[in-house]
Amino acid sequence: MSPVSGVITQISKQVSSMGVPLPLWLILTVVTAYVASTRGRSGPRWFAIGLFLPGVALIAVLLMPRLAKTGVDALVHEDLRPCPACTQAIKAAASRCKRCGAEVEPIALRNRSGWVARITAHTDEEFERMAAQMTLIDIPTILDEAPHVFAGPFEEKAEAQNMLKYLKSDHDLDGLVTWRSVTRQQDTPIIAPGLSAYFAYMETATRLAKQEKQTWVQPLRQAIIGHYPTSRSWPSAVAPFV
């Protein structure tokens, strides 16, 4: 019997002795690992703990304080932008808003934040060679930030890691996986055509009203100033006009 089979047999016996159904035991173990990873702790480590202590491990990780992310992981954030139609937060790569259904233009790759496989060239000739090589590969790339060539960005770190493995094994391109953060200018929602027409109408009407008001307010103001040369003697009824 292999060591792995022995461990599985031992865990199965322990679960049976605890009276926990096998499907529930597996669910508790997976949930424990997921919760641990979202709270800044090791998912695989707590998965192993959950195998021997289903339920108890989940309660323990929930009671433990959340650990702050460090290093590159501290920079990771979901890349969102407001929908131009309803201002609901949507992903930068989205082409349709989930809330209002409006079709939107996805943010260009070079303006998105995400996980990337970064490959660095040491000379200009090497950068040109790598850029030409990457253009022949059907993957998302950013090739205008010499001396670095980026594959991505991706929403998940595992996607960037798998991409780097592929580039290394099939195309002899090696680098590292890192988070690429981009600061975009604040996206301004686009006003619907109906509202744009309404605001244009109101602006025109307000301008015309001001012009019409000046045709009778200015002569009245001059007459009041000529009759009442000092502001102290102005009647309160005509004060707003002057």
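1. Let's start with a word you'll need. A pocket here is an open set of grid points where a 1.4 Å probe fits, with protein on both sides within 12 Å along at least five of seven lines. The idea behind it is simple: rolling a probe the size of a water molecule over the atoms shows where empty space is left. Keep in mind that you're looking at a predicted model.

2. Now to the second largest pocket, which holds about 310 Å³ of space. It is lined by 16 residues, and the closest to its centre are Glu78, Asp79, Ser113, Phe154 and Glu155. Strand 3 and strand 5 (148–154) are the elements that give two or more residues to this lining. What is the lining made of, by class? It has 7 nonpolar, 3 polar and 6 charged residues.

3. Step back for the overall layout. The protein chain has 7 helices and 6 strands. Follow the sequence along and you get the pattern α-α-α-α-β-β-β-α-β-β-α-β-α. Of the 242 residues in the chain, 26% are buried.

4. Next, the aromatic rings. How many aromatic pairs does a search of the whole structure find? The search turns up 1. The partners are Trp115 and Trp179, set edge-to-face, with 5.6 Å centre to centre and 80° between the planes. This pair links distant parts of the chain: Trp115 belongs to strand 3 (residues 114–120) and Trp179 to strand 6 (residues 176–180), 64 residues apart. Are these two tryptophans buried or exposed? Trp115 counts as buried because its relative accessible area is 5%, and Trp179 is buried too, at 8%; the cut-off for buried is under 20%.

5. While you're around there, have a look at Arg180. It lies over the face of Phe150, at 5.5 Å from the ring centre.

6. Last, the cysteines. A disulfide is a covalent bond between the sulfur atoms of two cysteines. How many disulfides are there in this model? The count comes to 0. Why is Cys83 not in one? The closest cysteine sulfur to that of Cys83 is in Cys97, 3.7 Å away, so the two are too far apart for a bond; the sulfurs would have to be within 2.5 Å. Cys100 is in no disulfide either, and its nearest cysteine sulfur, that of Cys86, is 3.7 Å away. As for their surroundings, Cys83 is buried, with a relative accessible area of 0%, whereas Cys100 is partly exposed at 39%.

Conventions. Residues are numbered from 1 along each chain as its sequence is written. This is a predicted model: local features need pLDDT of at least 70, side-chain atom pairs count only at pLDDT 80 or more; totals for chains, interfaces and linings use all residues. Side-chain values use heavy atoms; hydrogens and water are left out. Rings of Phe, Tyr and Trp (its six-membered ring) pair if their centres lie within 6.5 Å; planes under 30 degrees apart count as stacked, over 60 as edge-to-face and the rest as tilted. Helices (H or I, at least four residues) and strands (E, at least two) are DSSP runs, numbered from the N terminus. Buried means under 20% relative accessible area, exposed over 50%, partly exposed in between (1.4 Å probe, protein chains only). A charge sits over a ring if NZ of Lys or CZ of Arg is within 6 Å of the ring centre and within 35 degrees of the ring normal. On a 1 Å grid over the protein atoms alone, a cavity is a set of points where a 1.4 Å probe fits but cannot get out, and a pocket is an open set with protein on both sides within 12 Å along at least five of seven lines; lining residues have an atom within 4 Å of a point. Grid points are joined across faces, edges and corners, and a volume is the space filled by probe spheres set on the points. Ala, Val, Leu, Ile, Met, Phe, Trp, Tyr, Cys and Pro count as nonpolar, Asp, Glu, Lys and Arg as charged, and the others, Gly among them, as polar.
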